[in-house]
Every structure is written in C-alpha cells, then in structure tokens.
Amino acid sequence: MDIKTKVTNLIVEELGVEIGEVTLEASFIEDLGADSLDTVELIMKFEEEFDIDIADDDAEGLTTVGKAIEYLEKQLS
Amino acid sequence: MKRLEDKVAIITGAARGIGFSIAEMLSKHGATSIIIDLNKEAVDAAVQQIDDLGNRAIGFIADVTNSDEVASIFKEIHKKFGKIDILINNAGITKDGLLMKMKESDWDAVMNVNLKGTFICTQKVCRYMMKSRSGVILNIASVVGIMGNAGQANYAASKGGIIALTKSSAKEFASRNIRVNAIAPGFIKTEMTDKLPQEVIDNYSDAIPLSRMGTAKDIANLCIFLASEEASYITGQTIQVDGGLIM
Ligand SMILES: NC(=O)c1ccc[n+]([C@@H]2O[C@H](COP(=O)([O-])OP(=O)(O)OC[C@H]3O[C@@H](n4cnc5c(N)ncnc54)[C@H](O)[C@@H]3O)[C@@H](O)[C@H]2O)c1
C-alpha cells in the first residue's frame, strides 16, 4: 500500500468520514469535522503507522490531507 | 464482581503513605496497581505487601518529573496490559519555610514534583486514554491549596495549581470520556505529618470539627468511589477529605 492510500485509510477510520471526502485539499478541521483533539490523535496515528516522530512544529503545519501526505512522503523517502 | 475488576491503575509515589494505601485498596477491589516511586527497595516491598494479600501489583522506578522516563514506562505498561484505565497523581513533596526565607531551589523542587509531575503524567497517559475513549485521573491536591498556609507558599501554590490543572484537563478531555477530579486531603497521619511537632498536631486537631487527624484509608476510600462507574457523572471537582477543617 502506498503512503497516500495508507493515510487516506487512517483518516477515514479516525474521523469517521467517507473516503470520497478525503481529497488533497480537504482541511481536517474545516472540511472533515475534526476538533483540535482529533488532529492530535491523527498525528499520533501517523507516528504509529509509519514509526516516526513528528515534531510539534511540523505537526502544526499539517492542516490538510495533501500537506500531511506530502510531509510523510518527504520524511519517509 | 469486584468494583474495579480488571482495571489497570497507575499510582505515583505509591511506595508508602497515602499512595500505598490507595494502591492497596485499588488492588483489593480487583484492579492491578502499578506502583511508581523513586526507590527500588521501597517499591519492591510495597508490591510484595499487596502480593501477600493475594492481590495484583507491579512496580516501576521513575521520577515523575522526568518525562522521558514516564513516557517509556507508560508505553511498557500499555503494551503489557493493552490499556490504562486509572491514573492517580499522588507523588508529592514539601519544603516548608517562610516566604521571606524561601530558597528558589525549594520553590522549584516543590513545583516540579507536585505540579509539573502531575502535568507530565497526565499528558503521557492521555495518549492511551484518548484512544480508548475512557479513563479516570485523580489528582491528590490538599486543603492547603484552597486555604493557603503560612510557611508553605510553595506547597500551597503547587496544590492550588493542581486544582486548576484538574479543571482544565477535565474540560479538555471530557469529549473523550476521560474524567479528571482532585482530592484535597486535610490533615492525614503519614510519614509526611509524623515529622511535625506534637504541639502543631494538637493545634490542628483543635481546629478540625471531627477533632482528629484523618487516615490514608479515608483518602483511598474516596479514590475507589471516584474511579468507579458510580462516579461517572463527576468531573472537574475538588473533593475535600478533611474532617470539616474548611467549609
Ligand atoms: N499527609 C498529609 O497530611 C497530606 C495532606 C494533604 C495532601 N497530601 C498529599 O498526599 C500525597 C501523598 O502524601 P504522603 O503524606 O503519603 O507523603 P509521603 O512522603 O509519605 O509519600 C510520598 C511518596 O511520593 C514519592 N515521591 C516523591 N517525589 C517523587 C518523584 N519525583 N517521583 C516519584 N515519586 C516521588 C516519595 O518517594 C514517597 O514514597 C502528596 O501529594 C501530599 O502532598 C498529604
């Protein structure tokens, strides 16, 4: 499974949204109905799934699906 | 079924005193108590004592002010049991003295263990409690944190801070079904208070409507209730166990 698919699946699972809603532009809070704790949990999920540490400063910037995927692809390459 | 059957409970500073009493009581009610304290011999002895009664306990050595240590121990506990249901932030110290003579190092030490330690353990445990959408956190404050006390500016500030921390975390985590409450003991007979001169003890007892010191068990009993489902609608509160000392 590629990073994009994995991330999409995690978001669907964590936020309970439809897979079709998880577009690259979708904002976690504005479009996918996440509250601020959800975003913390999502980052923790990414850390677990990909076995990396995401610094708080970096995490702050990961506001949309696309930004998260781009960040993870960079970290894991 | 016992009231806390199969619950996994972490109690900090539980090698002796009030913390040990809480661990002993939680185990008696079916929980596995995880005793965290500084000294290995003391932790081993505490675990043994609970074991001897046929109840479950294990021990870890950690300083609650060391966030890396706390994080890695909580991780290990979670791995072993698959969950953490209850955290009791009990580790605490005093370094009394008049404010005019108080050393900054004594201020810092008390703030670090009592207040920052509570923050660190809360932050590290909520990672797991958030995921399981349930949890109970009990913070051991003190009546001194409500009324203040001459000669204990640092301690009182740390305990008042714990009460405010309790309310804030109760609000932040309520949506994840994590309840956070504080317990404010009054004057409890332990090694901490055994150090006091008899005169001070007599003076205090005179000021207590029930005219006696409390016991560690009085605190432990409240912990059992607050940790159980019976308290499922109680969060963000500070409950005094003080014989009526302040009302
Ligand atoms: N005894 C009282 O009258 C009274 C009254 C109000 C509140 N309290 C509070 O109840 C709690 C327990 O008090 P007690 O009377 O049992 O005290 P105690 O001194 O008998 O026990 C405290 C335990 O905490 C441990 N500890 C200290 N610093 C630690 C650290 N950095 N990391 C891990 N463990 C650490 C100690 O080793 C000790 O075993 C404290 O928070 C105290 O402030 C006690």
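Select A:Glu47 to start: this residue is buried, with a relative accessible area of 13%. Keep in mind that you are looking at a predicted model. Now add B:Arg127 to the selection. The two side chains form a salt bridge, with the closest N and O atoms 3.5 Å apart. This pair crosses between chains, running from helix H4 (residues 104-132) of chain B to helix H2 of chain A. B:Arg127 counts as partly exposed, at 28% relative accessibility, whereas A:Glu47 is buried.

**Along helix H2 of chain A**

Stay on that helix and pick A:Glu41 together with B:Arg176. Here is another salt bridge, with 3.0 Å between the closest N and O atoms. The link again goes from chain to chain: A:Glu41 is in helix H2 of chain A, and B:Arg176 sits in the loop between helix H6 (153-173) and strand E6 (178-185) of chain B. Buried or exposed, what is A:Glu41? Its relative accessible area is 4%, so A:Glu41 counts as buried, the cut-off being under 20%. B:Arg176 is buried too, with a relative accessible area of 4%.

Widen the selection to A:Asp35, A:Asp38 and B:Arg133. Along with A:Glu41 and B:Arg176, they belong to one network, joined by salt bridges that share partners.

Next, select A:Lys45 and A:Glu13. Their side chains meet in a salt bridge at 3.2 Å, N to O. This one links distant parts of the chain: A:Lys45 is in helix H2 (residues 36-50) and A:Glu13 in helix H1 (residues 3-15) of chain A, 32 residues apart. The two ends sit in contrasting settings, with A:Lys45 buried at a relative accessible area of 19% and A:Glu13 exposed at 55%. If you want the full tally, there are 13 salt bridges over all chains.

**Two backbone stops**

Go back to B:Arg133, the network member, and look at its backbone. Phi is near 55 degrees, a positive value in a residue other than glycine. Most residues other than glycine have a negative phi. You'll find B:Arg133 in the loop between H4 and E5 of chain B, partly exposed at 34% relative accessibility.

Now jump to A:Asp51, in the loop between H2 and H3 of chain A. A:Asp51 also has a positive phi, of about 55 degrees, although it is not a glycine. This residue is exposed, with a relative accessible area of 69%.

**A charged patch**

Carry on into helix H3 (residues 56-61) of chain A, where A:Asp56 is located. Which residues make up the negative surface patch with A:Asp56? Select A:Asp57, A:Asp58 and A:Glu60 to complete the patch. A:Asp56 itself is exposed, with a relative accessible area of 65%.

**Over to chain B**

Show B:Ile11, B:Ile22, B:Leu26, B:Ile35, B:Ile88, B:Ile183 and B:Ile219. These have the most contacts inside the largest nonpolar core, which has 35 residues. Elements that each supply at least two residues of this core include strand E1 (8-12), helix H1 (17-28) and helix H9 (216-227) of chain B. Color H9(B) separately: the largest share, 8 residues, comes from there. In soluble globular proteins, nonpolar side chains tend to be buried together.

For a last stop, select B:Asn66, in the loop between strand E3 (57-61) and helix H3 (67-81) of chain B. B:Asn66 is partly exposed, with a relative accessible area of 28%. Draw a distance from its C-alpha to that of B:Asn112: the residues are 46 apart along the chain, and these atoms are separated by 9.8 Å.

Technical notes. Residues are numbered from 1 along each chain as its sequence is written. Chains are lettered from A and ligands numbered from 1 in the order in which they are written. This is a predicted model: local features need pLDDT of at least 70, side-chain atom pairs count only at pLDDT 80 or more; totals for chains, interfaces and linings use all residues. Side-chain values use heavy atoms; hydrogens and water are left out. Patches are made of residues with over 30% relative accessible area and no salt bridge: like charges are joined within 9 Å, nonpolar side chains (Val, Leu, Ile, Met, Phe, Trp, Tyr) within 5 Å. Accessible areas come from the Shrake-Rupley method with a 1.4 Å probe; for residues, only the protein chains shown count as cover. A salt bridge is a side-chain nitrogen of Lys or Arg within 4 Å of a carboxyl oxygen of Asp or Glu. Lys and Arg count as positive and Asp and Glu as negative; His and the chain ends are not counted. The place of a charge is taken as NZ of Lys, CZ of Arg, CG of Asp or CD of Glu. Helices (H or I, at least four residues) and strands (E, at least two) are DSSP runs, numbered from the N terminus. Buried means under 20% relative accessible area, exposed over 50%, partly exposed in between (1.4 Å probe, protein chains only). A nonpolar core is a set of buried Ala, Val, Leu, Ile, Met, Phe, Trp, Tyr and Cys residues joined through side-chain atoms within 4.5 Å.
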